[in-house]
There are 4 protein chains.
Amino acid sequence: MKYPPIYYSDYLGLDKVLNAQDLKSKEYGKEAHEETLFIITHQAYELWFKQILHEIKSVNVLISENPVNPNSLGIINHRLNRIVQIQKVLNEQLTIMETMSSSEFMEFRDYLVPASGFQSVQFRKIEIMLGLKQKYRLGIDKQFFNARLREEDKKDLLALEEEPTLLENIEKWLERMPFGTSKKYDFWNEYQNAINSMLQSDKEVIENNQTLHPKEKEFELNNLDSTKKSFDILFDDESYKKLYQNNEFRLSQNAKLAAIFIQLFRHEPIFQAPYRLLTCLVDIDELFSTWRYRHAIMVHRMLGTKIGTGGSSGHEYLKKSTENNRVFKDFFDLATFLIPNSYVPELPASIKKHLGFSFKSSD
Amino acid sequence: MKYPPIYYSDYLGLDKVLNAQDLKSKEYGKEAHEETLFIITHQAYELWFKQILHEIKSVNVLISENPVNPNSLGIINHRLNRIVQIQKVLNEQLTIMETMSSSEFMEFRDYLVPASGFQSVQFRKIEIMLGLKQKYRLGIDKQFFNARLREEDKKDLLALEEEPTLLENIEKWLERMPFGTSKKYDFWNEYQNAINSMLQSDKEVIENNQTLHPKEKEFELNNLDSTKKSFDILFDDESYKKLYQNNEFRLSQNAKLAAIFIQLFRHEPIFQAPYRLLTCLVDIDELFSTWRYRHAIMVHRMLGTKIGTGGSSGHEYLKKSTENNRVFKDFFDLATFLIPNSYVPELPASIKKHLGFSFKSSD
Amino acid sequence: MKYPPIYYSDYLGLDKVLNAQDLKSKEYGKEAHEETLFIITHQAYELWFKQILHEIKSVNVLISENPVNPNSLGIINHRLNRIVQIQKVLNEQLTIMETMSSSEFMEFRDYLVPASGFQSVQFRKIEIMLGLKQKYRLGIDKQFFNARLREEDKKDLLALEEEPTLLENIEKWLERMPFGTSKKYDFWNEYQNAINSMLQSDKEVIENNQTLHPKEKEFELNNLDSTKKSFDILFDDESYKKLYQNNEFRLSQNAKLAAIFIQLFRHEPIFQAPYRLLTCLVDIDELFSTWRYRHAIMVHRMLGTKIGTGGSSGHEYLKKSTENNRVFKDFFDLATFLIPNSYVPELPASIKKHLGFSFKSSD
Amino acid sequence: MKYPPIYYSDYLGLDKVLNAQDLKSKEYGKEAHEETLFIITHQAYELWFKQILHEIKSVNVLISENPVNPNSLGIINHRLNRIVQIQKVLNEQLTIMETMSSSEFMEFRDYLVPASGFQSVQFRKIEIMLGLKQKYRLGIDKQFFNARLREEDKKDLLALEEEPTLLENIEKWLERMPFGTSKKYDFWNEYQNAINSMLQSDKEVIENNQTLHPKEKEFELNNLDSTKKSFDILFDDESYKKLYQNNEFRLSQNAKLAAIFIQLFRHEPIFQAPYRLLTCLVDIDELFSTWRYRHAIMVHRMLGTKIGTGGSSGHEYLKKSTENNRVFKDFFDLATFLIPNSYVPELPASIKKHLGFSFKSSD
């Protein structure tokens, strides 16, 4: 015991935390049993939001170094994985909230107007820090800065809009990745050749298949065609740029190619951590989407087709934003550009030697 | 031991179950490590689908009796709750599937064409038996009978389309509920009066509120108006009927009123089990929706924007059907028609005495 | 908007909740990244403990009325089920905590001495209010009142020891249940006869079974014998009392018989809610046990065989208390006393008519 | 479509899988509704067991190579993590099983004698392949080979006992790890010095602490002493060997030291994957323990204190084996031997340079 003794409840600030449940129903009328649940569940959300922000902030510092310290990647994955575990609990907390019936909610709902979850500053910060800047938001969602927020919170959020996001930092980090193209070697040229021979062989098989109904044949050939088009865009600087500028792609061409390279060679020691990092981003996106979706369903369950306390159009809006607000969609789309292992060009030894550890078991 | 001794593996038919994993990758090329996972996960789904069908069938028998045996309601809830617990596992199984990367899937995906989860006869049966008849399906989804199914399966599914569904059985059961309206007493008349005086009082408050900005005032009054319209439709036989015939409502007016009555008086002994039953339906709907949504996300993750093995347009289609295929949406919408307890008209003693047990503690 | 407008962050007291994370590592040395996680996770636990206490308190009020209002049983089950859902989240929160490695914990652990989770007053209150009074605790656990707690907390806990617990209230409620025995009818007499004829028939089958090895025969007969003994104790007032007084049984004989009766006739309308209530108690016990078990494992993982900050002997102690602190074990043991349906004596009409609703569909 | 078209139900062998549910209750008496659940749940377990075996087998191949291919470590972690995800579902499946009440189980339980989960050959294989050889089992558990198993299964299991287990393969892999000790450098010598100076400084602080009650002082000093003893054993070849030979330690001294080294330098690129591997083993152990514990609780719930169908003494036995059958306990114990970062000796540059990638960003 080298430090002054502390006590559990002091250390955890329980005097604050456990005295922050002031029931409006008690203030204005008859205590509604479920208001405690309503408050505590939201507070638990806010606590976890604080933790998520703590992790994103630290990851943003580490990933924006140039170059990123190789030791940092393990730490980054460790912390992103922590966010994933927290998100699983966030999703489960909805099940707790749903033990409140809509009749029970109605006993205190009127007192809360115009407070609304849309005013959660921390959740907005998470969205922005991950990458959901205003330009990507739906109309109705764009103006939350003008919502009933404290002035200092508005300022904070507007300042955050100017900071690089996790998505942007990841993009820069990917763009800096060597290996794909060098003066001596262009992997992507070979990759395009591989794709073309794969598509050509597929086409021949379809055309020569006697058992296929002409309609099926047409369908299959159209499929091949649309696959080809996806690849064409990937490798055409101009087309890609246009889609990037329209916000249809959120990763630059070079960043996307680097991400594909990582996927293709994910077992190489130097790519094991980057591959996990990309997988974590996909998990985080999926879990926030699922949370948004389930949240929309819960609001539907609680309010039916009524308008929410914050004046939002409720569950319909939430469902729309579920899909729109996905930040790391480009990493889901990577699958579009992968080809079976047997077609992937082998890397030359001059590149391959850079992908391992400096230590060799013969050392 | 009164019966011939049996052995664990014989009892469970493990010779069949554990020898039903035939890898196509082994047959046509190099064994793909993850194909085992792909097969086993789908088989686990099908096993649970069989269990869900077992429960729905039994519930359909019990709920379609006229009158339903009061002892049955406990059993029905017990079995619906079992479906809910199974659904939670179905959702978690997606997380297992997602441990297969899209590159790993690509190692055997071509061998599977044109097999597709869309051909799961059991899942189609679950959908139909719950209430998703063809008329409610999206265009693309309507013709799955014409998909590559065995003739006997097609026949089974078409026959099932003619059977009463769980939704229809529940509707009939609700329609038969007494209490709401009788010769002597019309609860709904009083409920409408209550609604009107509630809305009137809300209106006055808004109009007299000096602190409200005119725009806010307008917004609030519009809100009130749309609430009023919802109630008007509920009580207007003609308007209701039209929406019912257009499939916008899936419960008849009388069934919906009975469901509202159950919600309002859910603590009365006679309504405790019916209320749980309605809650189970909402849970089941929510969990299948969540499963469909997460399934769509998983397909996106695995295939990017490629076309699925069954020729389906993949995750975009799945997302659309997520919302459309919700069978018990009307039970979510009930919240629209609830009012705070303090406004709910009291039941006359002549009705109230029917809602308890025959046994009184003074007996 | 009838009430003064409130804002999300004010309503939720976020100024308090989100400013209650004071890192000791920052105060005494270098900020340890994971200390935030450690504090927030514990705070989330305490918030949920507050909610659980809120529910137990309200259930204790409702279940201790004499007679219990039949409307209350639905509410009681609703709230016990909410505790169950919260417990599932409590268990999942351990997975979050485990994203902190033991090396990371070591960066701030020394600053916390002698604070310890054993000093959570709310958790102690939950234990006591459920039924874990001092007399049932293990030696080491008995003296936590003397632990480093604030004086007012000690007083609160000692006062709570004098209050009726949930277990005691349930016991009283069960003891008051009619039906089992009345002047005209003794169900338990018939039940004992049924048991005897079942055991007799089993015995004959075993003795006449030519295929059984003598050792197996002996084993089976011993089994039957021990089953018989369990039943003998159940029906022998004296033996039962002794075990009850030794705290081996925590339910009185009459309460236990009533619980068995509820299980046997759980489908009767009047027993549907009581049966669910007993099931909820079993669920709650199971989930707290699982939490205690997983908590012990987590401590093992974090500290190895070191002593905990509060001076406790760590995970070994936690494992012992896991089994000892199970409050509703008697409800698990009920299974011992059930017999197959076909053996259960039918109730006479004079009893049976009391188990349904006053309303008959012919009314 | 290059391959013969296949159909969903043929590909998945659904004719076998969905026709393997033969109800004994139907054969011998009246169909028991819940027997379907009982069979299907067990079959789902067996399917997942097959998948887990598939993963363990492949990991055993990769980890037993000498040297292990650095590319393999990513694959190994990927597959171990898959086992973890499956285990989470295995735990959740218990919740499904528990929707069967003990009364419902009793309707068909007698038909199953003497079948028992103890006869699951696949589960035994998992246990053995992870590392639970006969010598580590509890008495009652040692003889399951003599249980009612098919001859070929017995042979398989006995043969498996002779194969190297995952634990043994990991041990060998750890023992081969360089870095800790070389001719030029002995890290462990420095680590012992660091420990000694840490313990000495702790001792002085305690002895000079005037505010400590003599009893507390004694307690703290005893604590220090027992910590010292743990470290002494770790570094004393003779004492360590004895405990290893008594099966109290399941990792050799060199393997344990290598594991500690990995933990201490887990952020170095070359240790990121090994560290994850150790974490996965801990997770697997924790999840099987939790499963065993919850399984014991479920049996208690279903049978009370009755004897299981297989003749086992039921839940009491299961609880004992929960703790005993933990295979990777030594990796939990590692925490005992860690010290705060600030005390950990720095590695010399000659070692450190071996821990990174061959590629430097300046290349």
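1. Before the helices, a word on terms: axes are lines fitted to C-alpha atoms, for helices over the stretch in contact, and angles run from 0 to 180 degrees between N-to-C directions. Helices (H or I, at least four residues) and strands (E, at least two) are DSSP runs, numbered from the N terminus.

2. Keep in mind that this is a predicted model, where local features need pLDDT of at least 70, side-chain atom pairs count only at pLDDT 80 or more, and totals for chains, interfaces and linings use all residues. Residues are numbered from 1 along each chain as its sequence is written, while chains are lettered from A and ligands numbered from 1 in the order in which they are written.

3. On confidence: chain A has an average pLDDT (the predictor's confidence in each residue, from 0 to 100) of 91, and 95% of its residues score at least 70. For the complex, the predictor gives an ipTM of 0.95 and a pTM of 0.96.

4. Now the symmetry. Chain C goes onto chain A with an RMSD of 0.0 Å after a rotation of 180 degrees and 0.0 Å of shift along the axis, using least squares on the C-alpha atoms of residues with pLDDT of at least 70 in both copies. That is the relation of a two-fold axis.

5. Chain A also lies on chain D, again by a turn of 180 degrees with a shift of 0.0 Å along the axis and an RMSD of 0.0 Å. Both copies use the same surface, as 100% of the contact residues of chain A recur in chain D; contact here means C-beta atoms, placed from the backbone, within 7 Å.

6. What does the A–D contact look like? It pairs 26 residues of chain A with 26 residues of chain D. On the chain A side, α5 (70-97), α11 (187-208) and α15 (269-303) each supply at least two residues. That side divides into 11 nonpolar, 9 polar and 6 charged residues, counting Ala, Val, Leu, Ile, Met, Phe, Trp, Tyr, Cys and Pro as nonpolar, Asp, Glu, Lys and Arg as charged, and the others, Gly among them, as polar.

7. Within chain D, helix α4 (residues 35-63) packs on helix α7 (residues 121-130) at about 25 degrees, with the axes 9 Å apart. That makes α4(D) roughly parallel to α7(D) (angles under 35 degrees count as such). The contact includes D:F49 and D:I56 of α4(D) and D:F123 and D:M129 of α7(D). Its residues divide into 8 nonpolar, 2 polar and 3 charged.

Key:
Contact = placed C-beta atoms within 7 Å. Parallel < 35°, antiparallel > 145°, perpendicular 65-115°, else oblique.
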